[in-house]
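Hi,

Here is the structure I promised to pass on. Have a look at it first, and my notes follow underneath.

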Amino acid sequence: MFLQRMVRHLAAFALFAFLAAPSMASAQDVPSDTPQDALPADTPQDALPTPQDAADSGTTDETIIRGHGFQLGMSFLGVPGYFFNPWFAKHGSTWDGVVNMGVSLDYFLRFQVPCELRFTLSWFNARTGSTYWLDDDHKNAPHLAHYIVNQLSSVNIEIAAYHIVPIIDEISFYYGGGLWGGVVLGDIKSHAIRSSCALSGSDLDTCPHEPGSVSATGLPPVFGFVMVTLGFKFTLMEWLTIRAEGGFKGYFYGQLGLGVEF
């Protein structure tokens with residue numbers, strides 16, 4: 001009798017386990033900490049979060065990068081005379097019969113945080129007015145002056161980062177800086193002064209120079225500098241931009257730029 005009762009109990013337990021197994025497996029398919037469990041039972045089905053919503057809430061390349069931009073720029077550059085004064089008693093200057101301007105093509109990478117990364121290909125005219133240059137160490141020996149014809153220019157690559165500070169929707173202030181490097185084009189021709197005129201005490205500017213010339217030596221084929229920039233950005237029609245900026249790149253410069261962003 002005992003054995004028969006044990007067999008009946010085991011058979012009943014096996015039947016219960018067989019019937020309960022599917023419902024237990026279904027309950028395990030949905031984790032207990034899913035968003036659905038945290039919502040009221042009467043929440044509409046279309047209001048429940050989806051896997052795509054969860055993916056969109058993360059940080060992706062599309063949310064880091066806000067957009068891009070291109071710009072054509074025209075710059076005006078100059079080197080103050082006092083930059084040369086410690087080394088030269090007499091020297092040429094920018095904008096002395098020369099138009100010292102440059103052009104540039106800029107590409108902007110715009111981020112969701114208020115900043116931009118700028119990559120630039122530019123060219124500028126580095127000429128100075130043709131005149132006599134005299135070392136400060138030889139200021140009492142005017143016959144050692146040389147008439148300098150500077151025909152230098154430079155092609156450059158620049159990279160800079162800027163923090164954007166909105167003022168109103170259409171106007172922003174920005175500041176930042178970076179690095180640039182360039183390849184030197186052209187050369188410098190040096191003519192000796194007519195010694196008899198220089199020794200006579202005449203003004204050097206009135207003295208003739210010898211017809212023959214030599215190319216100046218010691219000029220590096222490439223050079224560069226750090227740059228610091230302040231500017232204003234004006235946005236029209238949500239895609240057209242005008243930038244007005246100025247700063248220092250080893251020389252002072254101002255620039256106007258017209259561009260698009262998307």
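Before the sheet, one bit of vocabulary: two strands count as paired if DSSP finds at least two bridges between them. Keep in mind too that this is a predicted model.

With that in hand, start at Ser190, which stands opposite Val214 in β10. The strand β9 covers residues 188–192, and its pairing with β10 is antiparallel, over two bridges. Both strands belong to an open sheet of five, in the order β2-β5-β6-β9-β10, with antiparallel pairing. At the edges sit β2 (88–90) and β10 (214–215), each of which pairs on one side only. As a reminder, strands of a sheet pair through backbone hydrogen bonds, either parallel or antiparallel.

Next, the packing. Which residues make up the largest nonpolar core? There are ten: Leu77, Phe124, Ala160, Tyr162, Ile164, Tyr174, Trp180, Met227, Tyr251 and Tyr253. Two elements, β7 (153–168) and β8 (171–185), give two or more residues each to this core. The largest share is three residues, and β7 provides it. Apart from this core lies another one, of eight residues, including Tyr132, Leu134, Ile193 and Cys197.

If you want one core residue to click on, try Met227. Leaving aside neighbours within four places in sequence, Met227 touches Glu158, Ile159 and Ala160, the run Gly176, Gly177, Gly178, Leu179 and Trp180, and also Phe248 and Lys249.

Trp123 is worth a look as well. You'll find Trp123 in strand β4, residues 115–125. Is Trp123 buried, exposed or partly exposed? Its relative accessibility is 35%, so Trp123 counts as partly exposed, because that class runs between the 20% and 50% cut-offs. Beyond four places in sequence, its contacts are Met101, Gly102, Val103, Ser153, Ser154, Val155 and Asn156. With Ser153 there is a polar contact between the side chains, at 3.4 Å. Met101 is 22 residues from Trp123 in sequence, and their C-alpha atoms are 8.7 Å apart.

Finally, how far to trust it. The protein chain has an average pLDDT of 83, and 76% of the residues score at least 70. The start of the chain is another matter: over residues 1–7 pLDDT stays under 50, and the model has zero contacts for them beyond four places in sequence. Over residues 9–39 pLDDT also stays under 50, with seven such contacts in the model. Where pLDDT is low, the predicted coordinates should not be read in detail.

Cheers

Key. Residues are numbered from 1 along each chain as its sequence is written. This is a predicted model: local features need pLDDT of at least 70, side-chain atom pairs count only at pLDDT 80 or more; totals for chains, interfaces and linings use all residues. Side-chain values use heavy atoms; hydrogens and water are left out. Helices (H or I, at least four residues) and strands (E, at least two) are DSSP runs, numbered from the N terminus. Buried means under 20% relative accessible area, exposed over 50%, partly exposed in between (1.4 Å probe, protein chains only). Contact means heavy atoms within 4.5 Å. A polar contact is a pair of N or O atoms within 3.5 Å; within protein, one must be able to donate a hydrogen and the other to accept it, and residues adjacent in sequence count only if both atoms are side-chain atoms. A nonpolar core is a set of buried Ala, Val, Leu, Ile, Met, Phe, Trp, Tyr and Cys residues joined through side-chain atoms within 4.5 Å. pLDDT is the predictor's confidence in each residue, from 0 to 100.
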